Amino acid sequence: MTGVAEPDTPERTAELTERLAAVRERLDAACRAAGRDPAEVSLLAVTKTVPPADVAALLDLGLVEFAENRAQELAAKVHDVATARPGAAPRWHFVGGLQRNKVRMVLPWVSGIQSVDSSRLARTIDKEVARLRETGQGSGPLPVLLQYSVDGDPGRGGVPADGLEALADLVAELPGLELAGLMAVAPLGPEPAESFAAIAEAAGRVRERHPSARTLSAGMSGDLEIAVDHGSTVVRVGTALVGDRRITSE
Ligand SMILES: *Cc1c(COP(=O)(O)O)cnc(C)c1O
């Protein structure tokens, strides 16, 4: 499977069908190997740079949860997918670095933000939730995950270990946010099992203080098995689902 078929063709649909089945099979096998119930782990399709027609096809195949990592692309794709599948109800999540001046663009469309990594960003989202509520849009608190930086590399986003608990305490107190758990990307260098063990340990620490923080979003196309073995409850899968087909958003 090389992912060469054009979007919106029977060939592409067949390809996506096959890829989705393969990913679900990997997830099931990983859960079996870890002694976990597959119902505990959900599949989040990361559709950055993926054409809206592919998202529509994945919706047709029963996927509901989608994620984007850029504000503009998210807003445009939400619109295009809604036009292509007016009856469907996809749930969108934000998983990328989020500038505070883009919060307003993202918030009307998302069911959750997985990349909260600073108190300033958390407060901005909280204010925007309140503003939307005043104008009659939006409903309850927005579920958010704290993005945890395993190695503390400031270039890759995420809050390092020494700031994690303070940020969790702040988010738990903000009325517009619901502290739902942790998200992390395993760094490339170290042994993945060690990284995912450290991620699980951090998630456990936060959950001890804040029992609502049950979600652990960890694992991608290349490492979902190791993540599931270390307690992940959401795997974020892009390439394995859609191949290398990409549109550029620039
Ligand atoms: C792109 C991306 C993914 C998916 O990565 P794949 O290796 O394509 O599965 C997961 N999480 C985040 C934050 C991403 O940006």
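The following paragraphs lead through a predicted model, from its paired strands to an annotated lysine and then to one helix.

The description begins with the parallel strands. Strand β2, residues 65–68, pairs with strand β3, residues 91–94, in the parallel sense, and four bridges join them. Within this pairing, Glu 68 has Phe 94 of β3 as its bridge partner. Between β2 and β3 the chain passes through helix α3, residues 71–84, and the resulting β-α-β crossover is right-handed. Strand β3 also pairs with strand β4, residues 110–116, again in the parallel sense, here over three bridges. In that pairing His 93 lies opposite Gly 112 of β4.

A record directs attention to Lys 48. An unreviewed UniProt entry carries the annotation "modified residue: N6-(pyridoxal phosphate)lysine" for this residue. Lys 48 is located in the loop between β1 (42–46) and α2 (52–60). Its relative accessibility is 33%, and Lys 48 therefore counts as partly exposed, since that class lies between the limits of 20% and 50%.

Helix α5 comes after these elements in this account. The helix comprises 16 residues, 119–134, and spans 23 Å from its first C-alpha to its last, close to the expected 22 Å. Its buried residues are Leu 121, Ala 122, Thr 124, Ile 125, Asp 126, Glu 128, Val 129 and Leu 132. In an α-helix, residues three or four places apart point the same way, because there are 3.6 residues a turn. The cover over the buried residues of α5 includes the helices α4 (103–106) and α6 (161–173), together with the strands β4, β5 (142–148) and β6 (177–184). After α5 comes Gly 136, which has a positive phi near 85°.

Terms used: Residues numbered from 1 in each chain as written. Predicted model: local features only at pLDDT ≥ 70, side-chain atom pairs only at ≥ 80, totals over all residues. Heavy atoms only, no water. Pairing = 2+ DSSP bridges. Helix = DSSP H or I, 4+ residues; strand = E, 2+ residues; numbered from the N terminus. Right-handed = clockwise from strand over helix to strand, strands pointing away. UniProt positions renumbered as here; feature names shortened; annotations may be inferred. Buried < 20%, exposed > 50% of the residue type's maximum accessible area, 1.4 Å probe, protein only. Expected span 1.5 Å × (residues − 1). Contact = heavy atoms within 4.5 Å.
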